[in-house]
Structures are given as structure tokens and as C-alpha cells.
Amino acid sequence: MGAYVVRRLFFSIFVLWGAVTIIFVVLRLVPGDPAYIMLGPDADQAQVDALRAQLGLDHSLAQQYATYLTNVVHLDFGQSFRLSTDSMTLVMQRVPATIQLASTALLLSLLIGLPLGVVAALRANTWLDRTISVFSLLGQSTPSFWLGIVMILVFSRNLQVLPSSGSGSWAHLVLPTVTLALPFLAILVRLTRSGLLEVVHEGYVQTARAKGLAEGGVILVHALRNALIPIVTVVGLQFGALLGGTVIVETVFAWPGVGRLLIDSIGKRDYGVVQAAILLVATIFVLINLLVDLLYGFLDPRVRLAGDR
């Protein structure tokens, strides 16, 4: 198990370095002079040159990259020129709202998706199974931005039962949570159904039935427990995807999280905030995947033993 953990840690550090490098390269490939864009068309050349020197843009690309890596290690992304606040501090202030939204969406997906997947598997090839399958297909196919706008029109404008934007109460959380959760919920339904159908006819399940165990106990204790191994992996990956999906959902519902801050900062070319936000999301995503890898190795001894070789 020790070798498996060390290998996962090494790969995680490598992925983070790759994410940091991609951020650096992409921001350098954006057309236009960042200093000129930040200052606007009314700035004179002296102001542009001064800002370029302040940002280190007057150095060679190699020097910029070395300085950038040093700053990343120290979590120093400078100040937001728009808000005159430390970039990382600004991002961290928005993290609780994003975590709240993503966690609530994940919980909603698990509470609805797992039972629906179990029901679809136990009633395979019936009208109930087909109905749930159509629902899950529609959920996966519906764009989040479109669903969000439709929900605002229906529940906020027409029915006037839920607020369309902002935060502060559970009512503000309902529409963005459902919008963010629906695609993952649909994936979870289909994955649970297929995983359960694969194991429900295995020998150990038939043995449990032959011993006279109740059908509910057979499904929950023996079948679903083994079907959960790939589901755990997908849940971890999809939580990272939920964090990425908050960029769209937070923008549609004006939710004060990291995603909305990121979009606003990109539009204003506030590169320090953009770098801090992307690095934070990438770090959370990598840590979640590391946790899932370790959990997967714990749940499935075959993975753990293979990693120790």
C-alpha cells in the first residue's frame, strides 16, 4: 500500500505542475499586451512600461516562468488591480459559496441518483426502467446554461416562488443546485443501473439468496456494495466536474462563488485573480482524485496489490 500511495502522490504533484504550466502558457498566448489591456486605451506609453515592469513582462519568457513558479509556491499572485486586494485572499473569500453549491448538488445527486439507478436495475426492461432511462438521457443532454435560464423563467418570473439570483437563504440555493446537479444525477442513475446489473447475477449474490436472506439485504449488502467500486471513482471525478460546472451556473444565477469571480476577472484581464482561481480549482480537483485513488485501492485489494508491485 505504501508504494501505491507514493506513486499516487508523485502523479498528483506532476499533474499540478502541468496545470500551473498550462495556466502560464495560455495567459501568455492571449492576444494583446496585458499591461495595455489593464490600463485601457487612455494610458500613455510610460504608464504601460511601468506596469509591464511591475508585472515582470519586460523579462525573458524563461525568467517570467521561473518567477511565476516561485510565486506559485508561495501562493503569491499579487494584488487584483480591479479590487486592490490580494488575489489569493479574494479567491479564498469566494470558496465557501462554491463548495456549498457543489456539495449540495453532489448530495442531491446521490440521494436521488442512487435509488433511481437501483430501481431501474431491479425493474430492468420494464416501463419503469425505460422511463428512468429516458429521464437520465435528457438530464445528461440538457446544457446547464439553458436549464438555468428555463428554471428562472418558470420558477422566478412566472410562478414567483424562488429567487432568480443572489445568495443568503436556502431558497437562493434551490435553482442553482438543481441546475448543477441534474447532469451528474443522470450519469449516476445510468452508472448505478449498469453496475448493479453486472453483479446481480454473480455467484455470491445467488448464494446469498440461496441462504434465505431477504431480497433487500441481498441487493444492499452484497450486490450494491460491490457495484459501488466504480461509482466511487466517478463520484470523485464528477465532484471536480461540479466545481468546473459552477463557472456557468454561478454566472447564470449571480452566485457569489469562485466561478463567477473567474469569469469577471477574465473579462477584465485581472490575471492574478485568474491564476489564483484556476490553480485553486485544479488543486481541489487533484486532491479529490488522489483521495478517490486511495479509497479505490482500499475498496479493491486488486488495485492495491498491483500498485505495490
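This is a tour of a predicted model, stop by stop, with a selection to make at each one.

**Whole chain**

Start with the chain in cartoon. The protein has 13 helices and 0 strands, so the pattern along the sequence reads α-α-α-α-α-α-α-α-α-α-α-α-α. Of its 309 residues, 37% count as buried.

**Annotated segments**

Next, colour the segments that UniProt, in an unreviewed entry, lists under "transmembrane region": residues 9-30, 97-122, 134-155, 170-189, 227-253 and 273-299. These annotations may be inferred rather than shown by experiment. Two of the segments can be checked against the cartoon. Select residues 134-155: this stretch is 91% helix and 0% strand, and 24 Å separates the C-alpha atoms at its ends. Then select residues 170-189, where the chain is 100% helix and 0% strand. Here the end C-alpha atoms are 26 Å apart.

**Helix H1 and the aromatic pairs**

Searching the whole structure gives 3 aromatic pairs. For one of them, show the side chains of Phe14 and Trp17, which form a tilted pair with ring centres 5.7 Å apart and 40° between the planes. Both residues belong to helix H1 (residues 2-29). Phe14 and Trp17 are 3 residues apart, so about one helical turn separates them. Trp17 is partly exposed, at 44% relative accessibility.

Now add Phe24, Tyr65 and Tyr68. Ring pairs link these residues into a cluster.

**Leu75, in a loop**

Move to the loop between helix H4 (61-73) and H5, where Leu75 lies. Which sign does the phi of Leu75 have? Phi is positive here, about 55°, although Leu75 is not a glycine. Most residues other than glycine have a negative phi. Leu75 is partly exposed, with a relative accessible area of 47%.

**The largest nonpolar core**

Select Leu101, Leu106, Leu180, Phe184, Val235, Phe239 and Leu242 as sticks. In the largest nonpolar core, which has 27 residues, these touch the most other members. Two or more core residues come from each of helix H5 (87-122), H7, helix H8 (170-199), helix H10 (215-253) and helix H12 (271-299). Which helix gives the largest share of this core? H8 does, with 8 residues.

**Along helix H8**

Stay on helix H8 and pick Val178. Val178 is partly exposed, with a relative accessible area of 31%. Draw a distance from its C-alpha atom to that of Thr104: the two residues are 74 apart in sequence and 9.1 Å apart in space.

Further along helix H8, select Arg193, then Asp129 in helix H6 (residues 127-141). Arg193 and Asp129 form a salt bridge, and their closest N and O atoms are 2.7 Å apart. A pair counts as a salt bridge within 4 Å, and by this rule the count comes to 1. How many residues lie between the two positions in sequence terms? Arg193 and Asp129 are 64 residues apart, so the pair links distant parts of the chain. Are the partners buried or exposed? Asp129 is buried, with a relative accessible area of 3%, whereas Arg193 is partly exposed at 22%. The cut-off for buried is under 20% relative accessible area, which is why Arg193 falls outside that class.

**The nonpolar surface patch**

Switch to a surface view and colour Phe145, Trp146, Ile149, Leu153, Val154, Phe155, Leu159, Val161 and Ile248. Together they form a nonpolar patch with about 820 Å² of accessible area. Helix H7 (residues 144-158) supplies the largest share of the patch, 6 residues. Phe145 is one of the patch residues and is placed in helix H7. Its relative accessible area is 46%, so Phe145 counts as partly exposed.

**Gln160, the last stop**

Finish at Gln160, in the loop between H7 and H8. Phi of Gln160 is positive, near 55°, in a residue other than glycine. Gln160 is exposed, with a relative accessible area of 63%. For a last view, show Leu75 and Gln160 together: Leu75 is partly exposed, whereas Gln160 is exposed.

Notes
Residues numbered from 1 in each chain as written. Predicted model: local features only at pLDDT ≥ 70, side-chain atom pairs only at ≥ 80, totals over all residues. Heavy atoms only, no water. Helix = DSSP H or I, 4+ residues; strand = E, 2+ residues; numbered from the N terminus. Patch = residues over 30% accessible without salt bridge, like charges linked within 9 Å, V, L, I, M, F, W, Y side chains within 5 Å. Areas by Shrake-Rupley, 256 points an atom, 1.4 Å probe, with all protein chains shown as cover. Salt bridge = Lys/Arg side-chain N within 4 Å of Asp/Glu carboxyl O. Buried < 20%, exposed > 50% of the residue type's maximum accessible area, 1.4 Å probe, protein only. Phe/Tyr/Trp six-rings, centres within 6.5 Å; stacked < 30°, edge-to-face > 60°. Core = buried A, V, L, I, M, F, W, Y, C linked by side-chain atoms within 4.5 Å.
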